[in-house]
Amino acid sequence: MTRRVYLDHNASTPVHPEVVAEMTPYFDEMFGNPSSVHGFGRDAREGIDIARDRIARFVKVPADQIVFTSGGTESDNFGIKGLALARGRGHLITSAIEHHAVLRTVQALETQGFTATYLPVDAHGRVDPADVQKAIRPDTIAISVMHANSEVGTVQPIAAIGRIAREHGVAFHVDAVQTFGKLPIDVDAMNIDLMSFSAHKIYGPKGVAGLYIRKGTKMIAIQHGGEHERRRRAGTENVPGIVGFGKAVEVRGRDMHDEAVRVTALRDRLWHGIAARVPDARLNGHPTERLPGTASICYRHVESESIVLGLDLKGIAVSAGSACTSGNVEPSYVLVAMGVPIDWAMGAVRSSLGRSTTADDIDYVLDSVEPLVRKLRQALPVGAA
């Protein structure tokens, strides 16, 4: 039987056993609609309230500033559109390497009369706060910069950008989907007004996420219906998912620091092992300001899809740093924005480690990557390299 090694935790994580146990009663025992006034409804509402309190304590904000959504994409859409549409018009600032949930939301707003600036990043994938300062105009209404990039793991200078936003009276949205529960976040110290975060990146269930909205931030709802979430997000709440989210956050509060130390060591073991064994390999992203478990590595003159499929045959799950559209493989827009040469960017592979990753797993990956890359390079047409 083929060994199985999962190194795609930035895409999704297995649900923690403690989270499953917490959720289970809300599928069959406490299944009521939380908007109902009878006992079944009150039981469901209590589960939501407990979860909201747990998350609020973790973020160190009042519970009524947490809104539950269906996922990180909805949180990003709500945060940016809700803010922009409440103002009617204006200028938005974001970066060239944001998640598509942010980029395409800003692009959609551009079709509705808003204007936008897409900030460049340096070779490590970092936004320069000085560029943020220069981009601000009298009509700037919002800045949206991710806390860390899901592909290369680079952590942005959020506190510095937040200070600039606050000095100019501009609302600041942060997509923290990849850092929430992995890195410390202080919304006050970082001057964050809106923050998106999700459950399934931190061993919680899929289909549930959150948006922090600082008190006093002018917003309008983008989903209409009932009185749910203090009239900010209509729709019957996903009670089991929210309960699981709350438990996942509680577990992260307990385990976050120790796991970060452990997976950082394993991440470095992976990269140093590849650097020693595989010629023409390079690590993408910032050398120190990066997510604990993320290693984005380019293999020159090899297509990333071939590496991903080859490793999959060995039971190893990683992700490609390139996008396949209509049969054409294109380099990652993140790596292109960072200035990575195309012959390197086409061979980008991301490994993202998690709580189940072991040193034996990393050694198995190392033993598998080197012969695979060598074989793929040998299969290249003469002169292609």
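Three exercises on helix packing and sheet layout follow, based on a predicted model.

**Exercise 1.** Classify the packing of helix H9 against helix H13: roughly parallel, roughly antiparallel, roughly perpendicular or oblique.

Solution.
- Locate the helices. H9 covers residues 239–277 and H13 covers residues 359–378.
- Take the geometry. The two pack at an angle of about 25°, with axes 10 Å apart.
- Apply the cut-off. Angles under 35 degrees count as roughly parallel.
- Conclude. H9 is therefore roughly parallel to H13.
- Add the handedness. The crossing of H9 past H13 is right-handed.

**Exercise 2.** Work out which residues of H9 and H13 meet, and their make-up by class.

Solution.
- List the H9 side: Leu-266, Arg-269, Leu-270, Gly-273, Ile-274 and Arg-277.
- List the H13 side: Ala-359, Ile-362, Asp-363, Val-365, Leu-366, Asp-367 and Glu-370.
- Sort by class. The contact has 7 nonpolar, 1 polar and 5 charged residues.

**Exercise 3.** Find which strands stand at the edges of the open sheet, then place the helices that pack on the sheet.

Solution.
- Write the order. The 7 strands run S2-S8-S7-S6-S5-S3-S4, and the pairing is mixed.
- Read off the edges. S2 (66–69) and S4 (115–119) each have a single partner strand, so one side of each lacks a neighbour in the sheet.
- Note the twist. From one strand to the next, it averages 20°.
- Check one pair. S5 (residues 140–144) and S6 (residues 171–175) pair in the parallel sense over 3 bridges. Ser-144 stands opposite His-173 in S6.
- Place H3. Residues 39–59 form this helix, which touches S2 and S7. Its direction makes about 120° with that of S2.
- Place H4. This helix, residues 72–87, touches S2, S3, S5, S6, S7 and S8. Its direction makes about 30° with that of S8.

How values were computed. Residues are numbered from 1 along each chain as its sequence is written. This is a predicted model: local features need pLDDT of at least 70, side-chain atom pairs count only at pLDDT 80 or more; totals for chains, interfaces and linings use all residues. Side-chain values use heavy atoms; hydrogens and water are left out. Axes are lines fitted to C-alpha atoms, for helices over the stretch in contact, and angles run from 0 to 180 degrees between N-to-C directions. Helices (H or I, at least four residues) and strands (E, at least two) are DSSP runs, numbered from the N terminus. Angles under 35 degrees count as roughly parallel, over 145 as roughly antiparallel, 65 to 115 as roughly perpendicular and the rest as oblique. A crossing is left-handed if the near helix is turned anticlockwise from the far one by less than a right angle, and right-handed if clockwise. Contact means heavy atoms within 4.5 Å. Ala, Val, Leu, Ile, Met, Phe, Trp, Tyr, Cys and Pro count as nonpolar, Asp, Glu, Lys and Arg as charged, and the others, Gly among them, as polar. Two strands pair if DSSP finds at least two bridges between them.
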